[in-house]
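Please examine the sequence and the model shown below. The explanation after them proceeds step by step.

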Amino acid sequence: MSRVAALIMAGGRSERMRAGGTGQHKGLRTVLGVPLIERNLRALLWFGFARLFVAINEHEKELGDWIGGRGRALAESESATLETLVETQPLGTIGAVASLPPDVEDVVIVNVDNLTCLDLRQFASYHREQAAAATIATHLQPFPIPFGMLELAGRRVIAYREKPTLSVPISSGTYVLGRRAIDRVKTGSRMDVPSLIDALLEAREAVLAYPHEELWIDVNDEAALAHAQRLLAENGRRWPGEAAP
């Protein structure tokens, strides 16, 4: 994917993870001995991305040191480049893209606290083939409803479902943005993903979904970290870029 850059979002301060008593940024927390930041970096390299960026907060020195040392060495071992985008103020969940070089046409964006088996190469290719402004990876997430649910036709009850589980299409926290989307983010201004998508839709730009059924987990607290340990232990061979620590 030489024509598509990749960006790992790690600019948050990891408040939920640090609430569990650790002083580390969540990107440095390990799953089966490998930091989350490394797992995401290895996955991007595995899928052939050669121009990589990581967005971090200026106060996260330990994370910055890891990227400049171990992270850059991993990238260079695969003939890739790795650059850091340093946030001097909170830029939200998508604001860092404004700091990408102007020659970046398309960028795959992953969050450092997400792990997935999604084929990022195919994901990026789909986005480019469709000439979309933005493409969002999506999967069905089951949500148990703790009450009896009624199905209605007007005021007529046509079904009663006791505490059902509903599958809802959610964002997998993984995106591809084209230059038309990147240019809507102002340099140095905070912007979150929903605001960017709303702006694109208002401008009648093409925003596409990319449904998948691959493994996915959001690792943002101690309970999720323990779940990720179990998930990877059971499915290690399926994980892109999987390597011994």
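The following paragraphs treat the sheet, one of its strands, and the cavities in turn.

The model is predicted, so local features require pLDDT of at least 70 and side-chain atom pairs count only at pLDDT 80 or more, while totals for chains, interfaces and linings use all residues. Residues are numbered from 1 along each chain as its sequence is written, and side-chain values use heavy atoms, with hydrogens and water left out.

Seven strands form an open sheet in the order β5-β4-β1-β6-β11-β8-β12, with mixed pairing. Here strands (E, at least two residues) and helices (H or I, at least four) are DSSP runs numbered from the N terminus, and two strands pair if DSSP finds at least two bridges between them. In general, strands of a sheet pair through backbone hydrogen bonds, either parallel or antiparallel. At the edges stand β5 and β12 (207-211), each with a single partner strand, so one side of each lacks a neighbour in the sheet. On average, neighbouring strands of this sheet are turned by 30° against each other, direction ignored; the axes behind such angles are lines fitted to C-alpha atoms.

Is strand β4 (residues 51-57) enclosed or open to its surroundings? Six of its seven residues are buried (under 20% relative accessible area with a 1.4 Å probe, protein chains only), so β4 is largely enclosed by the rest of the structure. Strand β1 (residues 4-10) pairs with β4 in the parallel sense over five bridges, and Ala-10 has Ile-56 of β4 as its bridge partner. Strand β5 (residues 81-87) also runs parallel to β4, joined by seven bridges; Leu-52 stands opposite Leu-82 in β5. Between β4 and β5 the chain passes through helix α3 (residues 61-77), and this β-α-β crossover is right-handed: with the strands pointing away from the viewer, the path from the first strand over the helix to the second runs clockwise.

The structure also holds two cavities of 30 Å³ or more, a cavity being a set of points on a 1 Å grid where a 1.4 Å probe fits but cannot get out. The largest encloses about 110 Å³, a volume being the space filled by probe spheres set on the points. Of its 13 lining residues (those with an atom within 4 Å of a point), the closest to the centre are Asn-40, Ala-43, Asn-114, Leu-115 and Thr-116.

Definitions and conventions. Buried means under 20% relative accessible area, exposed over 50%, partly exposed in between (1.4 Å probe, protein chains only). On a 1 Å grid over the protein atoms alone, a cavity is a set of points where a 1.4 Å probe fits but cannot get out, and a pocket is an open set with protein on both sides within 12 Å along at least five of seven lines; lining residues have an atom within 4 Å of a point. Axes are lines fitted to C-alpha atoms, for helices over the stretch in contact, and angles run from 0 to 180 degrees between N-to-C directions.
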